[in-house]
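Biologist: I'd like to learn how to read the empty spaces inside a protein, and the sheet around them. Can we go through one together?

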Amino acid sequence: MRRRQGPVRWEPHEIVDPPAHPSGETAPRLDPRFVPKHVALVMDGNGRWANARGLPRTEGHAAGEQVLLDVVAGAIDLGVSHVSAYAFSTENWKRSPEEVRYLMGFNRDVLRRRRDVMNSWGVRVRWAGRRPRLWRSVIAELEEAEALTEGNTRCTLTMCVNYGGRAEIADAVRRIAADAAAGRIDPARISEQTIARHLDEPDMPDVDLFIRTGGEKRASNFLIWQAAYAEFVFLEKAWPDVDRRDLWAAVLEYARRDRRYGGAVDAVGS
């Protein structure tokens, strides 16, 4: 068993670029105005990918580890500043005890294996999610990764572990209610900004591009407050078959879309 020598802390260090994609392909050149600031990832299809190959579902999750690393590298290539990954939802506790145990250990070990690489790339790792039920060893690794990378500014990777969008909003409302009862907030002045300030990561920007793999076409309770105006791209590929080139293609699709945020221009006769 590894003995901890106390919490790790961020120290200034040389930032290196991620390795190029093995194919030799490079990120498309885009006007920065058309690059999403925040990309949300629903990494779906792992279990089906494994079962289709005669493997247990857990092998699909294992195959997806390198994919996340490659997609984060692709985000850095493009200049995306925030990536949020749906690693374990509040609904995932309904899965078999064997799969839940695997996912808990897997998330813990991925953080341990990959945090130094992320740190060397200048990635800040954050955690969004609930503490109750989550393994203490997973929380410890999440907090160590946060401490190690807290000074990095190149890209922020938020690992959403034991996370649910409705749960996040309910927790925010509970905190607001407590503040109102204590007289710290005037209930008549509660606004959307008040709720946003009480979310798990209040400084997280709204999601611009929401990508889901695995062929399903739904948000599944992921960042539902932050993704209110997101552009959605659904991929038929299962997560283990994805790489950074799929992110680049999704960003090109995003760049082609007309984002009006509720506004419109009368184009009669055009």
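Modeller: We'll start with the cavities and then turn to the sheet. Keep in mind that this is a predicted model.

Biologist: How many cavities of 30 Å³ or more does the structure hold?

Modeller: Here's the general idea: rolling a probe the size of a water molecule over the atoms shows where empty space is left. In this model there are two cavities of 30 Å³ or more. The largest has a volume of about 110 Å³, and the second largest holds about 40 Å³.

Biologist: Which helix gives the most to the lining of the largest cavity?

Modeller: That's helix 3, with five residues. Helix 2 (57-78) and strand 4 (155-163) each supply at least two. Among the lining residues are E65, L68, V110, R114, R115 and M159. By class, the lining has nine nonpolar, no polar and three charged residues.

Biologist: And what lines the second largest cavity?

Modeller: Look for L41, V71, I211, L235, W239, V242, D246 and L247. Seven of the lining residues are nonpolar and one is charged, with no polar ones.

Biologist: Now the sheet. What is the order of its strands?

Modeller: It's an open sheet of six strands, ordered 3-4-2-1-5-6 with parallel pairing. Strand 3 (123-128) and strand 6 (231-234) are the edges, each pairing on one side only. From one strand to the next, the twist averages 20°.

Biologist: Which strands does helix 2 touch?

Modeller: Helix 2 packs on the sheet against strands 1, 2, 3 and 4, and its direction makes about 145° with that of strand 4. Helix 7 (residues 244-256) also packs on the sheet, touching strand 1, strand 5 (209-212) and strand 6.

Definitions and conventions. Residues numbered from 1 in each chain as written. Predicted model: local features only at pLDDT ≥ 70, side-chain atom pairs only at ≥ 80, totals over all residues. Heavy atoms only, no water. 1 Å grid on protein atoms, 1.4 Å probe; cavity = no way out; pocket = protein on both sides within 12 Å on 5 of 7 lines; lining within 4 Å. Points joined across faces, edges and corners; volume = space filled by probe spheres on them. Helix = DSSP H or I, 4+ residues; strand = E, 2+ residues; numbered from the N terminus. Nonpolar A, V, L, I, M, F, W, Y, C, P; charged D, E, K, R; others polar. Pairing = 2+ DSSP bridges. Axes fitted to C-alpha atoms, helices over the stretch in contact; angles between N-to-C directions. Contact = heavy atoms within 4.5 Å.
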